[in-house]
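Welcome, and thanks for taking a look at this one. Below is a friendly tour, from the overall fold down to individual side chains.

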Amino acid sequence: MKREEKNTQTRRKIIDSALREFSEKTYGEASLNTICSEGDLSKGIIYHYFKDKDELYLACVAQCYDALTAYLDGVVTAKNVPLEQGLASYFDARIHFFAEHPLYLGVFCSTILTPPAHLLPALDPITAAFDAQVISVLTALLQSATLCPGITVEDVVTVFREYQDFVNARFQMKRFDENTLKEHEEHCRRSLRILLYGVIARKE
């Protein structure tokens, strides 16, 4: 086996073990010792490929976000799609991705709900493409809608992101699994519906 191929396989083995640990525990709870024992790895080999726990965590986050963004790019269509249909498709696609890739769920949620404070500057560029994708999807869907006078697409996007922060705060103390994710995504979807359509039914 060529050295390059062996290096790739070893790095893959480390990442796989780390994904399991970071998916099941918060960053603070996760342990390199557990990653070593569960993956049948030595600390020496981990430190050969990754400087420390921070770098390993960021590598797992990057893999998660790259995979999620690429998946959504391939299945979500926001142009020339009715708003309701497009929103449902987008949130359903996110749920489907994590159902297919459960190890990414905990990693994704940790970056949203309980990100390590000292790693926030490093997380921003890793999550930037996904954040831009969310804005792009919502913007494209809103292009077909007639907004109230004085309200811009940018206004709606900004307020929705603030809604998301509120919803995320509500879930910070929960342990995430597939059911919790569905509940979280439904809250986001409902928040967006309230933002777009209000809560008072108008009389004709």
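## Helices and how they are counted

Helices here are DSSP runs of type H or I with at least four residues, numbered from the N terminus. With that in hand, keep in mind that this is a predicted model.

The protein chain has nine helices and zero strands. Reading along the sequence gives the pattern α-α-α-α-α-α-α-α-α.

## Overall dimensions and surface

How far does the C-alpha trace of the protein chain span along its principal axes? The answer is about 70 × 35 × 30 Å. The accessible surface of the protein chain is about 11700 Å², and carbon and sulfur atoms account for 53% of that area. Of the 204 residues, 41% count as buried.

Contacts in sequence terms are worth a look too. Taking contacts between residues at least 6 apart in sequence, 69% join residues at least 24 apart. As for charge, the chain carries 23 positive and 28 negative charges, and the mean positions of the two sets are 2 Å apart.

## The nonpolar core

The largest nonpolar core holds 54 residues, and those that touch the most other members are Phe22, Leu56, Tyr57, Tyr90, Phe98, Phe108 and Phe130. Helix 4 (residues 53-75) gives the most to this core, contributing 10 residues.

Two of these residues make good starting points for browsing. Leu56 lies in helix 4 and is buried, with a relative accessible area of 0%. Beyond its neighbours within four places in sequence, Leu56 is in contact with Ile14, Ile15, Ala18, Phe22, Leu32, Ile35, Ile46 and Phe50. For a sense of distance, the C-alpha atoms of Leu56 and Glu4 are 52 residues apart along the chain and separated by 19 Å. Phe98, with the same sequence neighbours left aside, is in contact with Leu68, Tyr104, Leu105, Phe108 and Leu181.

## Salt bridges

How many salt bridges does a search of the whole structure find? It finds two. As background, side chains of opposite charge can pair when their charged atoms come close.

One of them joins the side chains of Asp16 and Arg12, at 2.9 Å from N to O. Why do Asp16 and Arg12 sit about one helical turn apart? Because they are four residues apart in helix 1 (residues 3-24). Asp16 is partly exposed, with a relative accessible area of 29%, and Arg12 also counts as partly exposed, at 34%.

The side chains of Glu21 and Lys25 also meet in a salt bridge, at 3.0 Å from N to O. Here the two partners fall into separate exposure classes: Glu21 is buried, with a relative accessible area of 4%, whereas Lys25 is partly exposed, with 28%.

## Two residues in helix 7

Helix 7 (residues 120-142) includes Pro125, and Gln133 has its place in helix 7 as well. Is each of them buried or exposed? Pro125 is exposed, with a relative accessible area of 57%, while Gln133 counts as buried at 7% relative accessibility.

Gln133 is in contact with Thr69, Leu72 and Asp73, leaving aside its neighbours within four places in sequence. Of these, Leu72 is 61 residues from Gln133 in sequence, and the two C-alpha atoms are 8.6 Å apart in space. For Pro125, a distance is available to Tyr27: these residues are 98 apart along the chain, with their C-alpha atoms separated by 19 Å.

## A backbone angle to check

Which residue has a positive phi although it is not a glycine? That is Asp40, with a phi of about 55 degrees. Most residues other than glycine have a negative phi.

Asp40 lies in the loop between helix 2 (32-39) and helix 3 (43-49). Asp40 is exposed, with a relative accessible area of 65%, and exposed here means over 50%.

Note on methods
Residues are numbered from 1 along each chain as its sequence is written. This is a predicted model: local features need pLDDT of at least 70, side-chain atom pairs count only at pLDDT 80 or more; totals for chains, interfaces and linings use all residues. Side-chain values use heavy atoms; hydrogens and water are left out. Buried means under 20% relative accessible area, exposed over 50%, partly exposed in between (1.4 Å probe, protein chains only). Contact means heavy atoms within 4.5 Å. Accessible areas come from the Shrake-Rupley method with a 1.4 Å probe; for residues, only the protein chains shown count as cover. Lys and Arg count as positive and Asp and Glu as negative; His and the chain ends are not counted. The place of a charge is taken as NZ of Lys, CZ of Arg, CG of Asp or CD of Glu. A nonpolar core is a set of buried Ala, Val, Leu, Ile, Met, Phe, Trp, Tyr and Cys residues joined through side-chain atoms within 4.5 Å. A salt bridge is a side-chain nitrogen of Lys or Arg within 4 Å of a carboxyl oxygen of Asp or Glu.
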